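Please open the model in a viewer and keep the selection panel at hand. The stops below are given in the order in which they may be selected.

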Amino acid sequence: MDSIPIGVIGAGLIGRTHIDRALKQPGFDLVGIADPSDEGRRFAQSVNVKWFADHDAMLGSVKPRGVIVATPNKTHADIAVQCLQRGAAVLVEKPIADTLDDARRICDAAAAAKLPAMVGHQRRQNPITQRAKQMIAAGSLGRPVCLTAMVTWRKPAEYFETAWRREKGGGPILINLIHDVDQLRYLFGDIASVQAMTSNAVRGFEVEDTAVILLRFRNGALGTVTVSDTATAPWNWDLAAGEAERFPRQDVNSHFLSGTEGSLTLPRLDYWHYREGKGWHDELTEERTALHFGDPFAEQMRHFRAVIEGAEEPVCPAEDAMRSLEATLAVVEAARSGKEVTLSQ
Ligand SMILES: NC(=O)c1ccc[n+]([C@@H]2O[C@H](COP(=O)([O-])OP(=O)(O)OC[C@H]3O[C@@H](n4cnc5c(N)ncnc54)[C@H](O)[C@@H]3O)[C@@H](O)[C@H]2O)c1
């Protein structure tokens, strides 16, 4: 297999995850790491990859065909647009950007350059989500009716030593919930409107520690999502799905999806339906699909290469990630205004 030259911009927490997968998988030639920090330089040296103080120098020097943008959110748009203009496809970390205008700039630059832009909502690449998607597409649930998602964990006190995590925008809605919003959109379809309430009663920071959200999907289904980073609880995708090694896995469900013909839980993939009869007096059957273990970051990397080569369409294209950002920003606005917020068509 020929290797494809790729670069990584931003060698922090998630950048290093991508670097690890690129180095471990065949088919990638990691030609550069751009990160102005001393830690970034030291890390690039430690993995024997050419280091650059900025992405511009990297793009000009080693000419990657694909670039992973793993920098702070507010820098995503400028960097991704420059990569696309210089001829590199991009995998931008989530959220695609801070604002819808910036997200739109990335989409437009990709269209102008005729290059793919995809976004790192890696839950879509998890085999559990993929299996759920197949079951829903095959009609196992019938018509989507309603869902409940739990996003509840307790973040440790040290997490909040970093100032921006105590300030507006640094809370679980924009950092974590956006993953659930994206995953639920992927499984149940586009969101038409949202309502929300937030609370900071426990931690007392400017940012929310808890939120409850109502979702109305375009297909008429409704959803509720509970978010809290101050609740001692196992019910969240991070702990339940075991996607990242840093979270000890709990054998619980966090997402409950129901349709006219059946219900499905995630991540355990418990499927409830009627074999005979169709009413609450009849026997419900529970089927368990064996848990699909997989490394969504490795799969995302494999997929990125296939997308660059034109062999696959992006599972999470920039346009779609922009819709997930819009829905998540709508949650913030709904909580602020106390009103139902309608999303654009
Ligand atoms: N997909 C996921 O599950 C997931 C998880 C964590 C973070 N993220 C996203 O990844 C991005 C980075 O988050 P993180 O937690 O890795 O942050 P981090 O602070 O650990 O790392 C960011 C790195 O980017 C570098 N950097 C800053 N500006 C730069 C620039 N202009 N050019 C090059 N490098 C620059 C910093 O020096 C730092 O090393 C964010 O958008 C975040 O939302 C996604």
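Begin at P267, which is placed in the loop between β12 (263-266) and β13 (270-274); helices (H or I, at least four residues) and strands (E, at least two) are DSSP runs, numbered from the N terminus. The peptide bond between L266 and P267 is cis, with omega about 0°. The model is predicted, so local features need pLDDT of at least 70 and side-chain atom pairs count only at pLDDT 80 or more, whereas totals for chains, interfaces and linings use all residues. Residues are numbered from 1 along each chain as its sequence is written, and side-chain values use heavy atoms, with hydrogens and water left out.

**The nine-stranded sheet**

Next, select the sheet to which β12 and β13 belong. It is open, has 9 strands in the order β14-β13-β12-β11-β7-β10-β9-β8-β15, and its pairing is mixed. The edges are held by β14 (284-288) and β15 (341-342); each has a single partner strand, so one side of each lacks a neighbour in the sheet. Two strands pair if DSSP finds at least two bridges between them.

Within this sheet, display β7 (residues 144-152) and β10 (residues 222-228), which pair in the parallel sense over 7 bridges. T152 stands opposite S228 of β10. Then add helix α6 (residues 127-137), which packs on the sheet and touches β11 (255-259), β12 and β13. The direction of α6 makes about 170° with that of β12; axes are lines fitted to C-alpha atoms, for helices over the stretch in contact, and angles run from 0 to 180 degrees between N-to-C directions.

**Strand β5 and its neighbours**

Move to strand β5 (residues 89-92), both faces of which are covered. A89 and L91 on one side, and V90 and V92 on the other, are all buried (under 20% relative accessible area, with exposed meaning over 50% and partly exposed in between; 1.4 Å probe, protein chains only).

Which strands pair with β5? Strand β4 (residues 66-69) runs parallel to β5 and is joined to it by 4 bridges, while β6 (residues 117-119) pairs with β5 in the parallel sense over 3 bridges. L91 is a useful residue to centre on: its bridge partner in β6 is M118, and L91 is itself the partner of I68.

I68 lies in β4 and is buried, with a relative accessible area of 0%. Its C-alpha atom is separated by 4.7 Å from that of V8, although the two residues are 60 apart along the chain. Neighbours within four places in sequence aside, I68 is in contact with I6, G7, V8, I9, H18, L91, M301 and F304; contact means heavy atoms within 4.5 Å.

**Helices α4, α5 and α10**

Now trace the connections. β4, helix α4 (residues 76-85) and β5 make a right-handed β-α-β unit, and β5, helix α5 (residues 100-113) and β6 make a right-handed β-α-β unit as well. A crossover is right-handed if, with the strands pointing away from the viewer, the path from the first strand over the helix to the second runs clockwise.

Select α4 and α5 together: their axes are 9 Å apart and they pack at an angle of about 5°. They are therefore roughly parallel to each other (angles under 35 degrees; over 145 is roughly antiparallel, 65 to 115 roughly perpendicular and the rest oblique). H76, A77, D78, A80, V81 and L84 in α4 meet D102, R105, I106, A109, A110 and A113 in α5. These contact residues divide into 8 nonpolar, 1 polar and 3 charged; Ala, Val, Leu, Ile, Met, Phe, Trp, Tyr, Cys and Pro count as nonpolar, Asp, Glu, Lys and Arg as charged, and the others, Gly among them, as polar.

Then add helix α10 (residues 318-337), whose axis comes within 9 Å of that of α5 and crosses it at roughly 175°. α5 and α10 are therefore roughly antiparallel. From α5, L100, A103, R104, I106 and C107 meet A318, E319, M322, L325, E326 and L329 of α10. This contact comprises 8 nonpolar, no polar and 3 charged residues.

**Backbone details in the loops**

In the loop between β5 and α5, select P95. A cis peptide bond joins K94 to P95, with omega about -10°.

Continue to K114, in the loop between α5 and β6. Its phi is near 55°, a positive value in a residue other than glycine, and K114 counts as exposed at 73% relative accessibility.

Finish at N48, in the loop between α2 (38-46) and β3 (51-52). Phi of N48 is also positive, near 65°, and the residue is exposed, with a relative accessible area of 74%.
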